[in-house]
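Visitor: Hello! I am new to protein structures, and I would love a close look at one part of this one. Could you show me the region you would pick and talk me through it slowly?

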Amino acid sequence: MRVLFALAFFIGVCYGVTLKDNRYEGLYVAVNELVTEDLSLIDRIKEIFTAASRLLFRATEHRVYFGEIKIIVPRSWTPQGDAQPVQQSERGYFKIEDGQLITPRTFGNDLCGQGGTYTYLPLSFVKNTSRTDFGKHENVLVHEWAQLRWGVFPEYGTDEEAKGHFYQAGGKWKPTSCSENVQGRVGFGTDCKASSWCDTNDSTRRIHPGCRFCPDLTQSVAGASIMDNQFVDLLELFCDDSEGTPVAKRHNRLATNKQNLYCDHKSVWAVMREHSDFTGVHSERLPEDTDTKPVYTILQEAKSRKVFVLDKSGSMEWDTPMRIVRLHETGKYIIENEDEICADSYLGIVWFSSSASVQKAITKVDSEATRAALVDALPTIPAGGTCIGCGLELAIDEIIKTFPTSSKHSEIILMSDGEETTNNLTITEQATRAKDLGILIHTVAISNQSSVRLADVAKITGGKSLFLEIGGNITFVSVLSKALSNSMTGGGCKSEEMRSGTLRNSSVLNFNFTIDGGMGLNTTVVIFPSNPGLHFDFEIRGEEGLLEKSLNISETPIMARLTGKLTKGTYFVVVKTKPDTAINWEYDVKSKSKDNHQVTVTTRFSDDVVYTDVLKGNAPVLNANVVATSGSCFVILRDNGKGKDITAGDGTYTGQFTCPKEGRSETRVTVKANSIIIVTGIVGAATLNPDAFEEIVIEERFERFSLVEDANLSPTTIGDTTSPGKITDLRIEDVETNGNTRHFTIRWTATGDDRYTGQATTYQFRYANDLDSLLNNFGNAQALDIGQHNLYPRDSGEDEAVDISVTAEKEFNETAFLGIRALDEVGNEGAMSNIVSIVIANGFNISFNGRTNHTYIAPPPIIDDDKTIVGLIIGVVIGTAVPVIILIAACVVINLRRHKLNNPHSTRDPRKEETGDNPSFSEGNRAYNHQTQTAYVYKGYGSHGQMVVY
């Protein structure tokens, strides 16, 4: 099957990053068009990326660094460097924007080892010339680059319990940290107040969910991990699990973090070594004194350069209306619409059938007359065979002729409904030629009769691959519009698609659309009836009355351009045929943003999984209803951190198709909400200032529509071969101790019969005394006997909880590992869940006590303010012998600020003890950066679980 993430090595001869002689080349840093011109920003970008390059070289043990960086500034700035059209690439770039998200964050890192789409850097972060709220700039950039390039994950704990802040091992509760050698202290709340509820030596009960591990800002030795604590200067290395790794950077395989969960407990270095960046000649170390300063080039975005390559072969005569009629009407609308083909951009038109011809040379679109001439060049009469390669060859020649000094960043939009009927090698030859010239080819496959090689052409050049199913639910205009790239800087003229759809066999088209507060500027409604020979009555009404009404219209497509600003609310569209005739309809609604932070929707597809980012100013949008549809199949996408969804509450909604349909599929995503929550800092790099985070509730409706590129559903097979989905949130809900018996409440979310839909048939619990026994051969691990207890799985998404007990006469100071998987009615086995570690004793007996309704209720914390606490470093040395627990050192004695409590068991939340933005701390509670002599005071953790300090 076709998998979008597999493009990582193809994308980007135009824009993607390549590694040459251990130097990364072709890395783009794009400044958003709404950033006010500031030439000092260019110098600032150079400064922070130069420092990051040196740190990257050191963190990768002298193997790779940034060699060539291209800074793209908006068109609106005064002329800077070369002016080139730089369209949005698919993967591997940085963008700088003054968005609502205040946290640096990498988007699109969905699968271990595959890398992300882009990294967002807040303008405030880049312009800050002192130490930022996220640590040093270079540490943050390397932290994000590792996710963007190599597809690794953060190693800190989170508030999601299966990826929590502590785990059980070796008779203790241990903080989720990598490495285990990190110096720090454990306490309650964001500033780690001393509390008996946070006693890590007491494994007889659950550690309080309010407890945290606060790493010292000054460590005694350099170590790992920059994926865990990038705000601590000396923790600037990557964790490793290879033999002989020093304890300061040794991977913690037991930590309940995303890296272990989604990369099968591999270290960050283990994942990196599997990447092509660290194989072959790139695996060798460079001299320590290698000059790692990047070469910078300034590019200024210019207007786009496009060529439409259109199929006019005989098969375009098929269907009603004819395919070529639909192509002509859609092309007419696109060309005439300044929100699709920007003013002063360049466009040419090439036809192909058995041969090819240039119908309109590449022309600057600078007048209505030019647009009319381009419309006249659209094909209307189908005839002949199909020579796709001929059309591509002529289009490439036309680009070279028009732009002889540089064809790079030009685009071809190829639309065809058939197979190549001449020399098939021509397609590949021309795609390779375009790749070498830096030309993107976006392809639109019209119908299932179109060549499957169109997708390959797009992949080779780094373009988009789209599919239009005849008689389907997606409109031609949506597909063609999607093929027109957005600008990497966010510039250009494209509108946001609000609604799109089809209606079959009706004389009346009736639909509505919603304008939210961020949209409503220059809204366009366009309708394509299947029988253009009829007349039509057309009206649009808003909540304040009639907006537009036209009677007895004969010209198609039917279009209304609502210039100016529409107020937020719901609008209703009605179109009737005259005479009353049942026909088919297509409709599309687009609108432009009235402010800088409109809600945007982007999608990705891989292995039947749809990932949809719903963002507002790059900040996550929560509480949205997101549904992906492919024909009669649909899947609800969720942002809950379960199943295929990586992180709860990050604005990425995820779901996996389970359909009888296979192959190329027109797949779309609709997003709706009546009210939404915007979170300005819940995800991304750890912050030093959680007080800057906001949760913004917007009480208004909105809706968006998005097409999924390159959606190929898995082939169907005879019989049931689809396994239940992997359980990803197995966790310890509670621990209770009675004498020499400990009861563990284990909780998880039920998976489905087919992945995450339906109801599985049975569960298998297995446990082992060592992690590898479960990881390497779950089926051979010890089965947990459930006896006569009924444990039929519940429906997918429902809560599950069981009670198991461990009895032993000896001290509980060993570790056992527990996993679970679901099976369906024919025996298909789901993947093993995430692994839970529990404290046991030698000679233990483990019993299954059935389902439980027990839910842990966190007790009011006990704050021991009259005590001083000593943070201990615990290092675990794992070798061929038994683990050796080594007490390394006492970190630092911290005198907590004393609070007079009326009751030692006060129910007051200690997080509310401090008042004011700058609480008064004693000097004993300060941690110093010895390089700058700047004092940083522990303030707390961000809501994603990372520690936060001033």
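What follows is a walk along one helix pair and the disulfide beside it, and then some other places in the chain.

Guide: Happy to! Please keep in mind that this is a predicted model. Let us begin with helix 8, which covers residues 388-402, and its partner helix 9, residues 425-437. Two packed helices are described by the angle between their axes and the distance between the axes. Here the axes come within 8 Å and cross at roughly 25°. Angles under 35 degrees count as roughly parallel, so helix 8 is roughly parallel to helix 9. As helix 8 passes helix 9, the crossing is left-handed.

Which residues of helix 8 and helix 9 make the contact? From helix 8 come Ile388, Gly389, Cys390, Leu392, Glu393, Ile396, Asp397 and Ile400. Helix 9 answers with Thr426, Ile427, Gln430, Arg433, Ala434 and Leu437. Sorted by class, this contact of helix 8 with helix 9 has 8 nonpolar, 3 polar and 3 charged residues.

Now stay with Cys390, one of the helix 8 residues in that contact. Cys390 also forms a disulfide with Cys387, and their sulfur atoms are 1.9 Å apart. A disulfide is a covalent bond between the sulfur atoms of two cysteines. The torsion about the S-S bond of Cys387 and Cys390 is about 65°, so this disulfide is right-handed. Are these two cysteines buried or exposed? Cys387 counts as buried because its relative accessibility is 2%, under the 20% cut-off. Cys390 is partly exposed, with a relative accessible area of 23%.

That disulfide has company, since the count comes to 7 disulfides. One of them joins Cys112 to Cys263, with 2.1 Å from S to S. Its angle about the S-S bond is 115°, and the link is right-handed. Cys112 sits in the loop between strand 8 (105-107) and strand 9 (118-122), while Cys263 sits in the loop between helix 4 (258-262) and helix 5 (268-274), so the pair ties together parts that are 151 residues apart in sequence. Cys112 is partly exposed at 25% relative accessible area, whereas Cys263 is buried at 2%.

Another disulfide joins Cys192 to Cys214, again with an S to S distance of 2.1 Å. This link is right-handed, with 95° about the S-S bond. Cys192 belongs to the loop between strand 12 (184-188) and strand 13 (211-215), and Cys214 belongs to strand 13, 22 residues apart. Cys192 is buried, with a relative accessible area of 0%, and Cys214 also counts as buried at 0%.

To set beside our first helix pair, look at helix 6 (residues 323-336) and helix 7 (residues 368-376). Their axes come within 9 Å and cross at roughly 165°. Angles over 145 degrees count as roughly antiparallel, so helix 6 is roughly antiparallel to helix 7. The crossing of helix 6 and helix 7 is right-handed. His328, Lys332, Ile335 and Glu336 of helix 6 meet Arg371, Leu374 and Val375 of helix 7. By class, that contact has 3 nonpolar, 1 polar and 3 charged residues.

One last stop is Gly81, in the loop between strand 5 (68-73) and strand 6 (82-84). Gly81 is exposed, with a relative accessible area of 62%. How many residues separate Gly81 from Ile298 in sequence? They are 217 residues apart along the chain, and 5.2 Å apart in space from C-alpha to C-alpha.

Notes:
Residues are numbered from 1 along each chain as its sequence is written. This is a predicted model: local features need pLDDT of at least 70, side-chain atom pairs count only at pLDDT 80 or more; totals for chains, interfaces and linings use all residues. Side-chain values use heavy atoms; hydrogens and water are left out. Axes are lines fitted to C-alpha atoms, for helices over the stretch in contact, and angles run from 0 to 180 degrees between N-to-C directions. Helices (H or I, at least four residues) and strands (E, at least two) are DSSP runs, numbered from the N terminus. Angles under 35 degrees count as roughly parallel, over 145 as roughly antiparallel, 65 to 115 as roughly perpendicular and the rest as oblique. A crossing is left-handed if the near helix is turned anticlockwise from the far one by less than a right angle, and right-handed if clockwise. Contact means heavy atoms within 4.5 Å. Ala, Val, Leu, Ile, Met, Phe, Trp, Tyr, Cys and Pro count as nonpolar, Asp, Glu, Lys and Arg as charged, and the others, Gly among them, as polar. Buried means under 20% relative accessible area, exposed over 50%, partly exposed in between (1.4 Å probe, protein chains only). A disulfide is a pair of cysteine sulfur atoms within 2.5 Å.
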